[in-house]
Amino acid sequence: MSTPEVTQDAGLDADVIVVGAGMSGLYALKVLRERGLRALVLEKAPGVGGTWYWNRYPGARCDIPSLEYSFGFDPELEQEWEWSEHFASQPEIERYLNHIADRYDLRRDIRLSCGVTAATFDEATDTWVFATETGDRLRSRFVIMATGGLSAPHRPDWPGMDRFQGTVVQTSLWPEEGVELEGKRIGIVGTGSSGIQAIPEIAKVAGHLTVFQRTAAFTWPSQNKELTEAEQAEIKAKYRQLREEQYASFSGTAGTTGAVIFAFPTDDRKIRESTPEEREAALAEHGFSACRIWSDTATDLDANEMAVELFREMVRRTVQDPETAEALMPRGYPLGCKRPVLDGGYFATFNRDNVSLVDLQNDPILEVTETGVRTAKGFVELDVLVLATGFDAMTGALTRIDVRGRDGRLLRDDWASGPRTYLGIGTAGYPNLFICVGPGSPGVLATYPPQIELQVGWISEFVQYLVEHGLTRADVDAQAQEEWGEHVNQVAEGTMFTAASCNSWYNGANIEGKPRVFLPYVGGLPVYMDKCNDVAAHGYEGFVLS
Ligand code: N01
């Protein structure tokens, strides 16, 4: 790879400052260095790993097969790293990312416990100036915001929260030293991916676990198991082919090692044309996945509701207490609107004597007191309150930093009615700032490592191009941004993601006051990268370079 003439301004701490040392940030550092650029990573956490540093709650694991949820940039790394399970646990992924930091000697350019509070574009010099929690002031020509799609925790604020004398802990800020749960009276709010993973594990050790549920979820048994040596060897022997399949796949996932729930319809049968006997046979064969095999549920709401009924039937057959089962059945929103969840025995957990459910639809939380949670119909005494209440997704990590662009504009204000980006990578008025897995890119809809390799690879090549051509400023053309935004909206139209009844973090509806805007690009990873590569081939069309 050619090495560009790097800007050697004495006043610059780096050519590129990367915010975040998660998967995107680590990879960005590696490829920027390879391109001869000086990069420095600023990370809020005391360790590397991003999501996989912070989310260390009991049961935390990935729901993409481990052999696919890993980097393909180095065949030696692929061969030497051993995954122990089909779906890797948080500690194993955190170890993997630490291994990457060591193996590629990344740590010397990573500052830990160094959260960025402000980033300001200096128009006189075409540079970015950073302020950090540690009081540092740093300057670079370019910035890569590797701040993650699901990294700004959402913490509800019920009346009395400050009064609670027990422990309050968020799944996404789980302390490294752990939380004492054995024998305790524990309440958990939230039944998305995090809550659903944590609930069966916490139930095993809690004195009593009370689950506070606002919306019943769709979740499928993960069927996670140990990865045998033979299975691993088989995949490793054809890793190049697998990676090519991932890069070419809509969601960056080849599905080789059991990503069951992401399987789309297996044939073209329509549930609307099915008989009760056929539906019963589907239940017998596929269990919870019986609702996912039909070809007409993705676009036809009536068909979708018939499929949901199959899911409800499985809940009915799994959960012994009829009232609890009824409350655990998703209603009022379609299958395919929210991020699917994989679980390790979630519904069966409600058959345990030490687990109870509070259905917040009928019995909302009124307040938190010194000793527990008061709902409309009762009071639950607690020692520990776990918040599995999600994230200000895709935009929160960016808008929580004071990012100031040209003319003193503030990103938080510019995005007050929804994010505006070009390719999810740049945003007009904020020159030289590039976003990884940002709103308007596939982001959360495509497996991160392969997506990051493609997108962060594209960004680093762009930075190298700018440096090689002596260009100091790359802003986004407002018209190109407008057209990309329209395209992002257009491809999402008619899908279950944007159904009127769909409230999800994909569209900001999980955060009070957040504008309802569908955030990721749903056109698929290959279509997205074709567009990015086309932009590059045309001299970075849509960016204004000077
Ligand atoms: O967050 P969520 P998450 N009062 O937003 C409830 C990824 N992930 O952390 O549905 C009461 O999905 C909220 O209720 P409602 C994955 O992409 C992956 O679980 O808004 N309840 C919901 O039940 C995932 O989708 C993995 O009505 C309140 C829950 O809290 C994404 O992260 C593991 C409330 C939040 O669910 C986010 O998942 C974990 C309130 N005020 C996460 N506010 C894997 O790889 C919120 N809720 C497996």
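Student: Which helix gives the most to the shell around the ligand?

Tutor: The structure is a predicted model. The shell around the ligand holds 25 residues, and S194 and Q197 are among those that come nearest. The element that gives the most to this shell, with three residues, spans residues 193–205 and is helix α5.

Student: How many residues of the shell around the ligand are charged?

Tutor: The shell can be divided by residue class. Nonpolar residues number 10, and polar residues number 10. The charged residues of the shell number five.

Student: How far does a polar side-chain atom of R214 lie from an oxygen atom of the ligand?

Tutor: R214 is one of the residues that come nearest to the ligand, together with S194, Q197, T215 and K338. The backbone also takes part: a polar backbone atom of R61 is 3.4 Å from an oxygen atom of the ligand, and for D63 the corresponding backbone distance is 3.3 Å. For the side chain of R214, the distance to a ligand oxygen is 2.8 Å.

Student: What percentage of the ligand's accessible area does the protein cover?

Tutor: Contacts with the ligand include the one from the side chain of R214, at 2.8 Å. On its own, the ligand has 910 Å² of accessible area, and the part of this that the protein covers is 87%.

Student: Which geometry does the aromatic pair of W52 and Y69 have, stacked or edge-to-face?

Tutor: The whole structure contains 35 aromatic pairs. In the pair of W52 and Y69, the ring centres are 5.9 Å apart and the planes meet at 75°. Planes over 60 degrees apart fall into one class, and therefore this pair is edge-to-face.

Student: Where in the chain do W52 and Y69 stand?

Tutor: The two residues of this pair are 17 residues apart and link distant parts of the chain. W52 belongs to helix α2 (residues 51–54), while Y69 stands in the loop between α2 and α3 (75–80).

Student: Is D109 buried or exposed?

Tutor: D109 is located in the loop between α4 (90–103) and β3 (110–111). Its side chain makes a polar contact of 2.9 Å with the side chain of R33. Because the relative accessibility of D109 is 19%, and the limit is under 20%, D109 counts as buried.

Student: Which residue lies over the face of Y333?

Tutor: A similar question can be put for Y53, where R56 lies over the face at 4.7 Å from the ring centre. For Y333, the distance to the ring centre is 5.2 Å, and the residue over the face is K338.

Notes:
Residues are numbered from 1 along each chain as its sequence is written. This is a predicted model: local features need pLDDT of at least 70, side-chain atom pairs count only at pLDDT 80 or more; totals for chains, interfaces and linings use all residues. Side-chain values use heavy atoms; hydrogens and water are left out. A residue is near a molecule or strand if one of its heavy atoms lies within 4 Å of it. A polar contact is a pair of N or O atoms within 3.5 Å; within protein, one must be able to donate a hydrogen and the other to accept it, and residues adjacent in sequence count only if both atoms are side-chain atoms. Accessible areas come from the Shrake-Rupley method with a 1.4 Å probe; for residues, only the protein chains shown count as cover. Helices (H or I, at least four residues) and strands (E, at least two) are DSSP runs, numbered from the N terminus. Ala, Val, Leu, Ile, Met, Phe, Trp, Tyr, Cys and Pro count as nonpolar, Asp, Glu, Lys and Arg as charged, and the others, Gly among them, as polar. Rings of Phe, Tyr and Trp (its six-membered ring) pair if their centres lie within 6.5 Å; planes under 30 degrees apart count as stacked, over 60 as edge-to-face and the rest as tilted. A charge sits over a ring if NZ of Lys or CZ of Arg is within 6 Å of the ring centre and within 35 degrees of the ring normal. Buried means under 20% relative accessible area, exposed over 50%, partly exposed in between (1.4 Å probe, protein chains only).
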